[in-house]
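Let us walk through this structure one piece at a time. Keep the 3D view open as you read.

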Amino acid sequence: MLPFVPLLDAHAASAPPPKRVVFFFTANGTIHESWLPKMASGKLELSPILSPLEKFKSKLLVVDGLSHKVILEKSDRSGHSAGMNTALTGRNNQIIDPSHPLQSMATGISLDQYLADRMGAGTKLPSIECGVQADPYIKAFAALSYRGRLQPILPENSPYRVFDRLFRDVPDPSAPDSAAARESLADRQRVMEAVSKDLEALKGRLPQSDRIKMEAHITAVRAIEHSLTTGAGAASGNTCRKPDLGPPLDVWKNSNIPALARLQIDLMVMALACDLTRVGTIQFGQAGASHRFTWLGKEFVGDPVLPSACHTTGFHALAHREADPVSRAKLVKINTWYAQQLAYLLEKLASIPEAGGSVLDHTAVVWLNELGSGGNHSHERTPWVIAGNAGGFFKTGQVVSFPGEPHNRLLLTLCHAMGVATDVFGDPDYRKAGPLTGVTK
Amino acid sequence: MFAPPKRHARRVGRPSASNAWRTRAAGFVVLLVAGCGAARSQPPSVRSSTAHADGRTSAVSAEVVAAPVPLRRLTNEEYNNTIRDLLGDTSRPADAFAPDEAIGGFENNTVSPVTQALVERYMDAAEALAARAALRLDKLAPCPARELPGACARNFIDAFGRLAYRRPLDEGERRATLAIYVEKEKQSGYARAIQLVIAAMLQSPKFLYRLEPTDGGSKTRALTGYEIATRLSYFIWASAPDTELLDAAAAGKLTAPVAVGGAARRLLKDPRAVDGIRSFHRQWLDLRELDTKSKDPALYPAFTPELKKAIVEETLRFSTHAVLEGGDAVATLLTSKRTFVNAQLAKLYGVAPPPGDGFMLVDLPPRERSGLLTQASVMAVLSGVEEASPILRGKFVREKLLCETIPPPPVTVDTTPPRFDPKRTKKERFAQHRTDPSCAFCHEMMDPTGFGFEHYDAVGAWRTVDEAFPVDAVGMLSGTDDADGPFDGAVELAARLSASKQVRRCIATQWFRSAVGRVDRYEDIDSLEAAYKAFERAGFDVRELIVAIAMSEAFRHVGFYQGSAP
């Protein structure tokens, strides 16, 4: 690790530590009987898939039974892209290309972006979206995050690029204040100012449907302007480091997935530890991910693979065949591997001390999926696991079930967990019942 | 942007104009979709504007009702080409941008706005390009010692700005840009100040978007000469207008249809037209899918990255040649028994390799090959990792050559192809598609067509035996306007398609979609008809189709959304 001294200690000892949220996405549904943990004499007893999280089980809240009701009841399209469209938006989707009916997009802002707008003002980046081979070819499948209606955000699949986004231009007080750096900063500010002016002027000259594009561009430019002058903070004095990414990896080679996952998680952890952002997403593939999990055993080698959203390959093909016992066993193995990656993330967050506890104590890590199960591409019983109790908000160490309730209620709960006391997130028809009950302290 | 599909117009959205345009085919699509499940389609509405039924266009636009065209952001290819033409820089910086968004099969970036990450990439690219440009200012922005740097800068800003924004700068823009220069010049001198001006202009929305402002209007308007210049150059060159085109716009010579047609003809004679024609075919034929597609190396050891590159190059050269040599390009594209091969490809096609490393036009075995449809690139795109896909191939014919829309299968269906079974032929294995009533209707459209390609494996090599059975490539085309009937193999199928008016109209529609950056709509019916008639009159010379599209009302006007837009 390279030493890296933060510019300022963002939160002095007296102030309460900031809350943070990380969305951890994996695709193609789960195998419920191997996923759902039990309660035994008041204690959580983990399932095979969740077993790698044993060490953290007192910090887990497992939520069963929720469904994408808005898709089931309102959408023209169900399936992977619909799940992706609604998972974090709680909204219906819309087909955007009459010649390509699989291309749909969400009709509202996603929870991570909604929270970023409310939690990210002081940090360098309002949010960061990382991918591990999330094929960007069709945005309908690739985008989990949305800035608003039909405004997808693709995850960044290159850890090198994530590194650059996080750490570039971060003023480093240990380095001499170079004149060249100051000049290039001033140049950028000058250009961003000019670009903003152009966008503002054009906005009024375009039809309503195109103004939104100017507005999105303005928002992006403002965020860049802000990031140019915002340095790193720190959860605690000496944990903020620029991670060493090691020799460069091919970002699209199937067998590099485990190494890429490590890098993206390491970067996410440092993004939080250095207080460069407070909202993050990590996407393992896109909806319908077709990776081939060859590192989990020889039996995966024969799975066909295509790194595109194609119907006949790898993980996705296995999910379709979940009724077949061999495929089912493989799907359990895949999901267990994902739980190991989650455990690695939790381990890292727990190792950063903060306010008498660790960063994990002030964070909610939310594991979600675009489907309930892969075999029938169901939008019912979507599997949710929350880790960390978001500063004492959640009642963890339990599994709760809300059969048939809209997942919108969980999205609202997460708003409250982050200190955003709203009851108007997501589709208006599915938020009336408010946040989930029995999940908070 | 097109109108949003109505809630119950499931899966296919609203029928595109090409379907309405071919009235019989439109009925067919509705029927097809109804048969595929719960989908319904809307009947075409009657066009309310005054029609120009003879297909002629008029310079006066009072009666024209054009479809709205959503704001387009430069595609990555357009960005790269534009930078090449503006700065002479061939570093292709946009290859690092997020992939383009395609609507109607063609990249146009009309739906999703930019994200912060993309704007950061625009910033990085602009800074790097400007830094490189600053090393060559003697060419780009020369300023001999006898001249005042301020005067040089003014000249540069006017000249470069006109090319970058594709129209002259107005007084306010000139002042604002000069202010950037002046402040920087004081600090760091001429070269650095020009560098900053370049970086700023390349990040301006006036460079990044193809702007056709409406200024609060609510009626169809004719485009200005500069806007037409921009539409023309990106349509035909996939790049920015050159000085000559901008001069024509300045002189008011780019509004009358005849003048627009004349300009289109000039552009087609320029070497840059090759970029536009290649770009069209790359997108129409989904060749970009090969960027991420791989084949099982155990089954297809010859499918190296070099071969992958070669098969794409073959198709792009072949298509460009078919268009630029003139004559009936549809017949050439679909039935030519010749193609461009290099040594590697020659092996795949079983012909003698050309001398040297390059590509050469050669004759192919005439009973095995026939135009685009049997080329390795198309066959490889329409295959899985291990197996050729009769379904994808049939779907391709229906969608890309007949302009029909086949809805995706119900999501709960396992679309993994039936597994290899030594006792059953592929046709037998796929037979469930056609016995299961929930699958049959759509697959009846795709499978019997797609099985005609069985002689080509997953990388497009010819085979006579597959899975230990002799290849059975007997197929049947049904449900078309004028191409129905049995055939044995893709060579016969291609001949059938080449003779079809529906196919020829569809190719015209595909070019139209690429020209206007959206799916065709009701308002386009006259423009499409005029373009098709001109295409037919010219003996199906695609260049004349391109000229006719450029002259059409739809190309020269921009409309407005009535009511709420998507």
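**A buried threonine and what surrounds it**

Thr107(A) counts as buried, because 22 C-beta neighbours lie inside 10 Å. The cut-off for being buried is 20 or more. Keep in mind that this is a predicted model.

Where does Thr107(A) sit? It is found in the loop between β6 (104–106) and α4 of chain A. Now look for partners from elsewhere in the sequence. Leaving aside neighbours within four places, Thr107(A) is in contact with Arg91(A), Asn92(A), Asn93(A), Gln94(A) and Arg149(A). Leu150(A) is 43 residues apart from Thr107(A) along the chain. Yet the C-alpha atoms of the two are separated by 5.8 Å.

**An enclosed helix in chain A**

Move on to helix α12 of chain A, residues 408–417. Nine of its ten residues are buried, so α12(A) is largely enclosed by the rest of the structure. The buried residues are Asn408(A), Arg409(A), Leu410(A), Leu411(A), Leu412(A), Thr413(A), Leu414(A), Cys415(A) and Ala417(A).

What do these buried residues pack against? In chain A they pack against four strands, β1 (20–26), β4 (60–64), β13 (363–368) and β14 (384–387), and against the helix α4 (111–119). Just after α12(A) comes Gly419(A), which takes a positive phi of about 80°.

**Two helices side by side**

Two packed helices are described by the angle between their axes and the distance between the axes. Try this on α6 (residues 159–167) and α9 (residues 257–273) of chain A. Their axes come within 10 Å and cross at roughly 10°. Angles under 35 degrees count as roughly parallel. The helices α6(A) and α9(A) are therefore roughly parallel to each other.

Which residues meet here? From α6(A) come Pro159(A), Val162(A), Phe163(A) and Leu166(A). From α9(A) come Leu260(A), Leu263(A), Gln264(A), Leu267(A) and Ala271(A). By class, this contact has eight nonpolar residues, one polar and no charged.

**The domains of chain A**

Step back to the whole chain. Chain A is divided into domain 1 (20–170 + 239–430) and domain 2 (178–230). Their centres, taken over C-alpha atoms, are separated by 31 Å. Seven residues from domain 1 of chain A and five residues from domain 2 of chain A make the contact. On the domain 1 side, the touching residues are two nonpolar, two polar and three charged.

**Where chain A meets chain B**

Now find a helix pair that joins the two chains. Helix α7 of chain A spans residues 179–203, and helix α8 of chain B spans residues 190–203. The axes come within 9 Å and cross at roughly 40°. The helices α7(A) and α8(B) are therefore oblique to each other. The crossing is right-handed.

Chain A brings Asp187(A), Val191(A), Ala194(A) and Val195(A) to this contact. Chain B brings Leu196(B), Ala199(B), Ala200(B) and Gln203(B). The contact of α7(A) with α8(B) has six nonpolar residues, one polar and one charged.

**Into chain B**

Chain B has 566 residues, and buried residues make up 52% of them. There are 26 helices and twelve strands in chain B. Take the contacts in chain B with a separation of 6 or more: residues 24 or more positions apart account for 69% of them.

Chain B is divided into domain 1 (72–210), domain 2 (223–270) and domain 3 (281–498). The centres of domain 1 and domain 3 of chain B, taken over C-alpha atoms, are 42 Å apart.

One more helix pair deserves a look. In chain B, the axes of α6 (residues 149–165) and α7 (residues 171–188) come within 10 Å and cross at roughly 135°. That makes α6(B) oblique to α7(B). Here, too, the crossing is right-handed. The contact residues of α6(B) include Ala153(B) and Ile157(B), and those of α7(B) include Leu178(B) and Tyr181(B). Overall, the contact of α6(B) with α7(B) has five nonpolar, two polar and five charged residues.

Finish with Ala440(B), found in helix α21 (residues 437–450) of chain B. Is Ala440(B) buried or partly exposed? Ala440(B) counts as partly exposed, because 16 C-beta neighbours lie inside 10 Å. Leu392(B) is 48 residues apart from Ala440(B) along the chain, and 15 Å separate their C-alpha atoms.

Definitions and conventions
Residues numbered from 1 in each chain as written. Chains lettered and ligands numbered in written order. Predicted model: local features only at pLDDT ≥ 70, side-chain atom pairs only at ≥ 80, totals over all residues. Axes fitted to C-alpha atoms, helices over the stretch in contact; angles between N-to-C directions. Parallel < 35°, antiparallel > 145°, perpendicular 65-115°, else oblique. Left-handed = near helix turned anticlockwise from the far one by under 90°. Contact = placed C-beta atoms within 7 Å. Nonpolar A, V, L, I, M, F, W, Y, C, P; charged D, E, K, R; others polar. Domains from an automatic or database assignment. Buried ≥ 20, exposed ≤ 12 C-beta atoms within 10 Å, placed from the backbone.
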